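Work through the exercises below with the model open. Try each task before you read its solution.

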Amino acid sequence: MNEKLSNPQKTIEIIKKYDFVFQKKYGQNFLIDAHVLDKIIDAAEIGPDDFVLEIGPGIGTLTQYLAESAREVTAVEIDSHLIPILEETLQDYDNVTVLNEDILKVDMAELARQKNKGKPIKVVANLPYYITTPIIMGLFESHVPIDNITVMVQKEVAERMQVGPGTKDYGALSLAVQYYAKPYLAANVPPNCFIPRPKVGSAVIRLTKYQEPPVQVKDERLMFRLIRASFNQRRKTLQNSLSNSPELNITKAQTAEALEKMGLPAAVRGEKLTLEQFARLSDLLS
Ligand code: SAM
């Protein structure tokens, strides 16, 4: 077996051999730290029966680790220049399929059906930062059967996923993640663990999907519309931000009445409400 890519010399050798040019628009920062790679595999709790979807394999660094731990891996990579490189770096593994596609256009539920008989899959990714939120939200909202999602994200994004009301990072992403999954911070990862070095710190976070959401709500779509409207205008009162939203048809008087029933001040801002309170507000307004 050849030297693994977690050895920085091997990564540099491959990049030179193929004259690979890093594409900023695809958020290409490749991992070169074996310790961090082990942490990702541990956090994702990958076992020999698992099917894993990897988003953005790059030159295959994390894919090599996944292939050694899982039953089968499908890796979806948008950059066609990386495909011949992946053919070389993954040649020792017969349980990996590489798809040259944009993950935002892949039918992930169909993939789970084909590769895992529709049973919950594990998703692992060192995500390009520009698509972190659409990918995670897409996975949760589109009813792809998921066990857990383990992702490397910008440190600030990891914080946003975990916080509650009363902090500046609290927002629509925090509420969405916490409605669907239990977040666990597995590691903080400094810039020197990547080639090239990103400008910001990163973190590995695992999101374990709930079987049942932690709060009951009659109309999930309405609740998320209320949440989006509140945080689109987070400095405004809830009464104003909901009545201003083109996605909703709610008057200030209706919000005022609901807030009174909930025992909340008339001038409260959405950023003060917990997930439970958004669920109750949604039920009162539905
Ligand atoms: N997994 C590798 C690693 O850890 O070293 C590479 C991670 S790099 C941060 C992100 C990878 O995602 C790049 O290879 C990039 O080309 C790929 N990528 C970016 N946008 C994508 C998309 N929409 N669909 C699939 N892959 C994408």
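The exercises cover the ligand, a lysine and some backbone angles.

This is a predicted model, in which local features need pLDDT of at least 70, side-chain atom pairs count only at pLDDT 80 or more, and totals for chains, interfaces and linings use all residues. Residues are numbered from 1 along each chain as its sequence is written, and side-chain values use heavy atoms, with hydrogens and water left out.

**Exercise 1. Describe the residues that surround the ligand.**

Step 1: Count the neighbours. A residue is near the ligand if one of its heavy atoms lies within 4 Å of it. The ligand has 23 residues around it. Leu-31, Gly-56, Glu-77, Asp-102 and Asn-126 are the closest.

Step 2: Sort them by class. Ala, Val, Leu, Ile, Met, Phe, Trp, Tyr, Cys and Pro count as nonpolar; Asp, Glu, Lys and Arg as charged; the others, Gly among them, as polar. The shell holds 11 nonpolar, 7 polar and 5 charged residues.

**Exercise 2. Find backbone atoms that lie close to ligand atoms, and say how much of the ligand the protein covers.**

Step 1: Look at Gly-56. A polar atom of its backbone is 2.8 Å from a ligand nitrogen.

Step 2: Go to Ile-103. A backbone N or O atom there lies 3.0 Å from a nitrogen atom of the ligand.

Step 3: Check Gly-58. Here a backbone N or O atom is 3.3 Å from an oxygen atom of the ligand.

Step 4: Add the cover. On its own, the ligand has 600 Å² of accessible area (Shrake-Rupley method, 1.4 Å probe), and the protein covers 99% of this.

**Exercise 3. Is Lys-122 buried or exposed, and what does its side chain contact?**

Step 1: Locate Lys-122. It is in strand E5, residues 121-126 (strands are DSSP runs of E, at least two residues; helices are runs of H or I, at least four; both are numbered from the N terminus).

Step 2: Apply the cut-offs. Buried means under 20% relative accessible area, exposed over 50%, partly exposed in between (1.4 Å probe, protein chains only). Lys-122 has 6%, so it is buried.

Step 3: Find the partner. The Lys-122 side chain makes a polar contact with the side chain of Asp-50 at 3.0 Å (a donor and an acceptor, each N or O, within 3.5 Å; residues adjacent in sequence count only if both atoms are side-chain atoms).

**Exercise 4. Examine the backbone at Asp-19, Glu-45 and Pro-196.**

Step 1: Recall the background. Most residues other than glycine have a negative phi, and most peptide bonds are trans.

Step 2: Take Asp-19. Its phi is positive, about 50°. Asp-19 lies in the loop between helix H1 and strand E1. Its relative accessible area is 65%, so it is exposed.

Step 3: Take Glu-45. Its phi is positive too, about 55°. The loop between helix H2 and strand E2 holds Glu-45.

Step 4: Take Pro-196. A cis peptide bond joins it to Ile-195, with omega about -20°.
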